[in-house]
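Biologist: I should like to learn how to read charged pairs and surface patches in a protein model. May we work through an example together?

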Amino acid sequence: MFSKIERLLFSLMVALVFAGVTLIIAQAKAQPAPVMQATPDNCGACHSDFMHSWQDGPHGQAFSDQVFQKTWADQGKPGACLVCHTTGYDPATGTWSQDGVACISCHNPIPANHPKDPMPVDKSTDLCGTCHSDTRFNWQDWKVSAHYQRNMTCVVCHDAHSAGLKNVDTKNTASSATTDDVSALCINCHQEYAMNFSYSAHHQQGLSCVDCHLLHIEKTTDGSTAHQIPDHSFTASLTTCNTCHENQMHGPTQPSVDTSAAETTTPAQSQSNPSMQFASVTPEPQPVSPLGFAGLAGLLGLAFGMVLSPWLERAYHIVIKKDKDKEEDEHE
Amino acid sequence: MKALRAKLPSLAFNWWLAWLVFLGLFLAGGLTAGILVFWKGLSLTNLTDLVPWGLWITIDLSSIALSAGAFSLCAGVYLIGLKRYEPVARTATFIGLTGYSMAMLSLLLDIGRPDRFWHAMVYWNKHSLLWEVTMCVCLYLTVLLFESMPIIANFEWLRKRFPKLTEKMSQVHHYAPYLAIAGLGLSCLHQSSLGAVYGVLKARPIWYKPGLSVLFMLSAIVGGIALTLFASMLASRLTPKARINDGLIERLSHFLGWLLMAYFYWRAWDTLAMTYTYQPGRTEGLHLLTSGPLAFNFWVGEMLLGIFLPMVLLLWQKTRLNPFWRMLALLMVAGGLVAYRWDTNLSGLLVVLSYMPGELGVGYTAYKPSLIEFVAGFGVISYGLLAFSLGVRYLRVVDHRFISKVHEPVEVQAVESVTA
Amino acid sequence: MSDNKISRRDFLKITAVGAAAVAGYSSIRPAIASGPTQAGPHQWVMVIDQSKCTGCEYCTMACRAHNDVPPDISWNEVFEVGELNGQKVFLPRPCMQCAEAPCVEVCPVAASYYRSDGIVMMDYDRCIGCRYCEVACPYGARSFNWKKFDGPNPAVPEWGQPEVARRPRGVPEKCAFCYQRIDRGLAAGLKPGIDPDATPACVVACPTGARIFGDINDPESNVSKLLKSTNTYRLREDLGTSPRVYYIAADPAKMKMEVSS
């Protein structure tokens, strides 16, 4: 007959085996979570990040924005506005499927088995151009620019979801603070100009790229101000210079603002090896500290002294004895 | 109260207790540090992507190397037939067991995923030297466990409680030659492979040479035997529980002296050969070793105190026969081995070689272990010291009177035979 | 014969046990790292034109977003390597996906392995974090996760959204040529290198088109034609790693910034 303890242990073992087997079977049978079918309304259920950046920006608030609502109402709520300011506007019925510029405005058609199949998006300027077309947005300037001629599209600088500019501060891992100066984006690609510009008089007066290259705003053909955008030719024209230097046109070359001595030479660029661009890599090794040398010398001295001690002691005694003899001789 | 006092050893100032408390403090610190590292991660250390291996890897390498006395002495005793050194081989085996467990501990600390330490045994990459080292170390640890069974069987409490088991454990000694063969084979594999772990990396020119395996192997044998001899002598001076036959130690020290000469030749030539022609990465590493931050460690730690001075002390009869000088020499050899591992590791990692086109640029980085690395490292070392101390006290690990029934006692013709 | 010698019977017993142990051990077939795998139908290669690279690091940020890389780690580093006619020259460095990768050779658990299409993959679940691969990589392409990466990724969603799982603390990580995009694209019938959805994020994000990706096994592909027609170089070819990332050296003639309108 087993004792009580042994019985208990035995039953514990049996229990473990039962539990283990059940666990294995149960895990094998566990159903995977059901996959939602992607529809135009539930994009945000999975893509909450995009949803958040979209709904706070101009695309998300294209319909709900107060300025739009007032202007639209003042004009008698024309349907022509809703073509861009809503999604899926049907002029025949006057209805639309979603407020603002919703996901399917750009991401369509939705594949049947998304997320297995990627969501399509047309990244060309044509798609943006369906709303941001030249009658309202002076698109002709863009065609003149070097950016267009190098096949760059709107999304190179603009984030389609937040409908703002791309933020390049994420590449500076030290800080994730955003900057209000959109010139950071320009400087990101055009670094040489940034280097030279920093030492110029213009920069010393607090000017940056956008002040000359993007500030000039053309009037739109429909006369309204709501649809104005900065001149995307990125060329600084006479009008730009005249903004500050009006008085100097055809006059003496004295600028109307005081300039302190501005060096236009670029500083020496440290040609340190690029893969050494870590803070911890130095061109020279750590110097050996003087304490190290002192310690070494001390150790050597100690060893020296210990090894030579019998002879040193003998020498000491001889010297002392000599002195003693000398003294005795003298005393005599 | 009187009865209690009679049972316990003297509670007045007891050196043994003090030693235990001292070790216990470091152990507690090490344990705390280890838990912190497991919890918070390796960002607590000063390891970086440029220097991913630091103090703990050095401790790991040194522990394995200093345990090499086990396989070399056991090979000498059981395979070459130098049966008179069997008691020293016993000590070495136990030190080996301690050392390899220390290595495992420090590795557990160092890898990023300690919970996956067993992966190397299940997932194999036969091309990888580190895999080979891991497998050999695990297998050799098993061999050491078997070889240590007769030693553990000496534990009085165990003898009383499980007499039949201890009897069986003692009988493992019959298989000592086979275990010695296995140990020799496995050790030759992994001691040199540890050098090859560094030696196969073309990306680090100062490491990229086949001689690194040989140097690691040779330094391991030298340092391992030295540590065994030093530990035996020290133990015999500190406690009557440890008794040595000084003649055996003296003979082995003499042999060690000659080995040191071979090692000195090899290491000096290895370093000197690197001074010929400029090779990016290698020359800078050598510069670090000879006149940079590693210079003190190299010239004093490795060469002067680690090889040259002990070589002189152990080959010159006058100093070899003097226990103080002999012990000092043996300790310095063990220290020199640790210095060599530290130097090898850092001379490669502190030099940052560019991969950009054109002439290879070289930069330097720096590494100093953080407090947590020191505390955890000391914890591992104090674990080793504790294990050895307990072995001396309870398992008669250092006892040259203890000769197994298998071997007949042999009188060693030494100039001076002292039983401490 | 003294009684300490082992009898013939014992010797045979021991040898038999030993042989059985060896046979038994080798019959266990744990997962073993394969050597160079059978080459598949595709062999992906990336070409980077330094004349076009402006150092804007859009590639780094797109990579960071699409692969959920922590902000203090860069799978794709962009280095400034010099100057030509007053214009800076840059060199972006993804993982070279070496055909003879030191990292694959040295990993003790074979967590780094070759895929049949040439991509050097990382099994983050198998990795024990020993950092041998990091020590072995000549290109510094691997970064170790010293810390746990918690919280939102600052590059998301502006530069993209994560397509792979975030790596835990204690394992190194590296660029994998966005294999997830390639695989998904191929399954959907798209062409990696041509269709953006099947192409690595860095290649898609580059505003100047400095990065080209394609299949070198296809003689008609963009990269094959480019490699045949242009002089290219690879980093540290002397090491024998056979990288799959080719560079077209900066040509001052091609680097003119001004455009005649």
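The dialogue below treats salt bridges and then a nonpolar patch.

Modeller: This is a predicted model, in which local features need pLDDT of at least 70, side-chain atom pairs count only at pLDDT 80 or more, and totals for chains, interfaces and linings use all residues. Residues are numbered from 1 along each chain as its sequence is written, chains are lettered from A and ligands numbered from 1 in the order in which they are written, and side-chain values use heavy atoms, with hydrogens and water left out.

Biologist: What is a salt bridge, and how many salt bridges are there over all chains?

Modeller: Side chains of opposite charge can pair when their charged atoms come close. The rule asks for a side-chain nitrogen of Lys or Arg within 4 Å of a carboxyl oxygen of Asp or Glu. By this rule there are 21 over all chains.

Biologist: How far apart are the closest N and O atoms of A:K70 and A:D74, and are these residues buried or exposed?

Modeller: Those atoms of A:K70 and A:D74 are 3.2 Å apart. Both residues belong to helix α4 (residues 66-74) of chain A, and because they are four residues apart there, about one helical turn separates them. Helices (H or I, at least four residues) and strands (E, at least two) are DSSP runs, numbered from the N terminus. Buried means under 20% relative accessible area, exposed over 50%, and partly exposed in between (1.4 Å probe, protein chains only). A:K70 is exposed at 54%, and A:D74 is exposed at 57%.

Biologist: Which parts of the chain does the pair B:E250 and B:R320 link?

Modeller: Their side chains meet in a salt bridge of 2.8 Å, N to O. This pair links distant parts of the chain, 70 residues apart: B:E250 lies in helix α12 (residues 246-273) and B:R320 in helix α15 (residues 317-321), both of chain B. B:E250 is buried at 8% relative accessible area, and B:R320 is buried at 3%.

Biologist: Which residues form the nonpolar patch on the surface?

Modeller: A patch of this kind joins nonpolar side chains (Val, Leu, Ile, Met, Phe, Trp, Tyr) within 5 Å, from residues with over 30% relative accessible area and no salt bridge. Here B:W19, B:F22, B:F26, B:F374, B:F378, B:I381 and B:L385 form it, with about 590 Å² of accessible area together (Shrake-Rupley method, 1.4 Å probe, only the protein chains shown counting as cover). The elements giving two or more residues are α2 (15-40) and α17 (371-394) of chain B. Helix α17 of chain B gives the most, with four residues. B:L385 lies in that helix and is partly exposed at 37%.

Key
Patch = residues over 30% accessible without salt bridge, like charges linked within 9 Å, V, L, I, M, F, W, Y side chains within 5 Å.
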